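Here is a walk through one chain, taken contact by contact. Have the sequence and the model open side by side as you read.

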Amino acid sequence: MPEAVEVPLISADHPTDVYLDYTRGETMKALEPYWRKALAAGQPIPVTTDAGARFFLSRLSTDELLKMKRTRGIDLELLLRKGVRDEVRKEALADLAKVDKKPELAALLGAIKALAERPAEGDDSVAFDPRPAPDLPSAR
């Protein structure tokens with residue numbers, strides 16, 4: 001049942017109105033005891049969308065994230081989360097670049113784009129990651 005929370009999360013990525021927002025909020029309230037119990041028990045919650053992964057990963061502490069096997073979602077969460085140490089961000093960026101098979105700068109630009117799409121959720125310090133000058137021409 002905890003995976004049912006993915007349905008209202010997916011709906012949030014589509015056009016909405018006040019009635020749908022209300023229904024989504026009430027649905028999330030009704031499902032909360034189920035997914036909280038599953039998370040507390042350490043049960044994996046099978047999600048199939050980025051919206052579902054973002055939701056559940058955002059409910060975990062940074063320490064819990066650091067103990068988990070790195071995935072693209074975990075790397076993005078660490079990269080965009082407020083209060084994450086710079087060395088952890090750099091590790092997450094390197095891993096994200098490897099997973100996406102892109103240069104680190106391209107992965108960083110993708111993370112900045114993701115940050116722009118959800119500004120209330122992330123830490124804009126990711127946008128100020130210093131890059132060596134030789135990497136910059138390829139980004140233009």
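## A bridge between α5 and α6

In this predicted model, Asp-100 and Arg-72 make a salt bridge, with 2.9 Å between the closest N and O atoms. Asp-100 belongs to helix α6 and Arg-72 to helix α5, so the pair ties together parts that are 28 residues apart in sequence. Arg-72 is partly exposed, with a relative accessible area of 38%.

## Other salt bridges

How many salt bridges does a search of the whole structure find? It turns up eight. Another one joins Arg-70 to Asp-75, where the closest N and O atoms are 3.5 Å apart. The two partners sit quite differently with respect to solvent: Arg-70 is partly exposed at 24% relative accessible area, while Asp-75 comes out at 0% and counts as buried. Glu-91 joins in too, as Arg-70, Asp-75 and Glu-91 are linked in a network of salt bridges.

Over in helix α2, Lys-29 bridges to Glu-26, with the closest N and O atoms 3.1 Å apart. The two are three residues apart in that helix, which means about one helical turn separates them. In general, an α-helix has 3.6 residues a turn, so residues three or four places apart point the same way. Lys-29 is exposed, with 54% relative accessibility, and Glu-26 is partly exposed at 33%.

## The chain as a whole

Stepping back, the chain has eight helices and zero strands, so reading the elements from the N terminus just gives α eight times over, α-α-α-α-α-α-α-α. Of the 140 residues, 33% are buried. The accessible surface comes to about 9,100 Å², and carbon and sulfur atoms own 58% of that.

What share of the contacts with a separation of 6 or more comes from residues 24 or more positions apart? The figure is 45%.

## Helices α5 and α6

Helix α5 is mostly covered, with seven of its nine residues buried. Those residues are Ile-74, Asp-75, Leu-76, Glu-77, Leu-78, Leu-79 and Leu-80. What do they pack against? The buried residues of α5 meet α3, α4, α6 and α7.

Helix α6 spans residues 86–100, and its length checks out: at 1.5 Å a residue, its 15 residues should span 21 Å, and the end C-alpha atoms are indeed 21 Å apart. On the buried side are Val-88, Arg-89, Ala-92, Leu-93, Asp-95, Leu-96 and Ala-97. The buried residues of α6 pack against α4 (62–67), α5 (72–80) and α7 (104–117). Just after the helix, Lys-101 takes a positive phi of about 55°.

## Ala-107 on α7

Ala-107 is found in helix α7, and it is buried, with a relative accessible area of 3%. Setting aside neighbours within four places in sequence, Ala-107 is in contact with Leu-93, Leu-96 and Ala-97. These three also appear among the buried residues of α6. Ala-107 and Leu-76 lie 31 residues apart in sequence, with 9.7 Å between their C-alpha atoms.

## The aromatic cluster

Now for the rings. The structure holds three aromatic pairs. In one of them, the rings of Trp-35 and Phe-55 have their centres 5.0 Å apart and their planes at 80°, so the pair is edge-to-face. Trp-35 lies in helix α2 (residues 18–40) and Phe-55 in helix α3 (residues 50–58), so the pair ties together parts that are 20 residues apart in sequence. Trp-35 is buried at 3% relative accessibility, and Phe-55 is buried at 8%.

Phe-55 also pairs with Phe-56, again edge-to-face, at 5.1 Å centre to centre and 80° between the planes. Phe-56 is buried as well, with a relative accessible area of 6%. Ring pairs thus link Trp-35, Phe-55 and Phe-56 into a cluster.

## A buried glutamate with no partner

Back at the start of the chain, Glu-6 sits in helix α1 (residues 6–11). Which side chain of opposite charge is nearest to Glu-6? That would be Arg-54, 9.9 Å away, and Glu-6 is buried yet has no salt bridge. A salt bridge needs its nitrogen and oxygen within 4 Å.

What does Glu-6 touch instead? Not counting residues up to four places away in sequence, Glu-6 touches Pro-46, Val-47, Thr-48, Thr-49 and Gly-52.

Key: Residues numbered from 1 in each chain as written. Predicted model: local features only at pLDDT ≥ 70, side-chain atom pairs only at ≥ 80, totals over all residues. Heavy atoms only, no water. Helix = DSSP H or I, 4+ residues; strand = E, 2+ residues; numbered from the N terminus. Buried < 20%, exposed > 50% of the residue type's maximum accessible area, 1.4 Å probe, protein only. Contact = heavy atoms within 4.5 Å. Areas by Shrake-Rupley, 256 points an atom, 1.4 Å probe, with all protein chains shown as cover. Lys, Arg positive; Asp, Glu negative; His and termini not counted. Expected span 1.5 Å × (residues − 1). Phe/Tyr/Trp six-rings, centres within 6.5 Å; stacked < 30°, edge-to-face > 60°.
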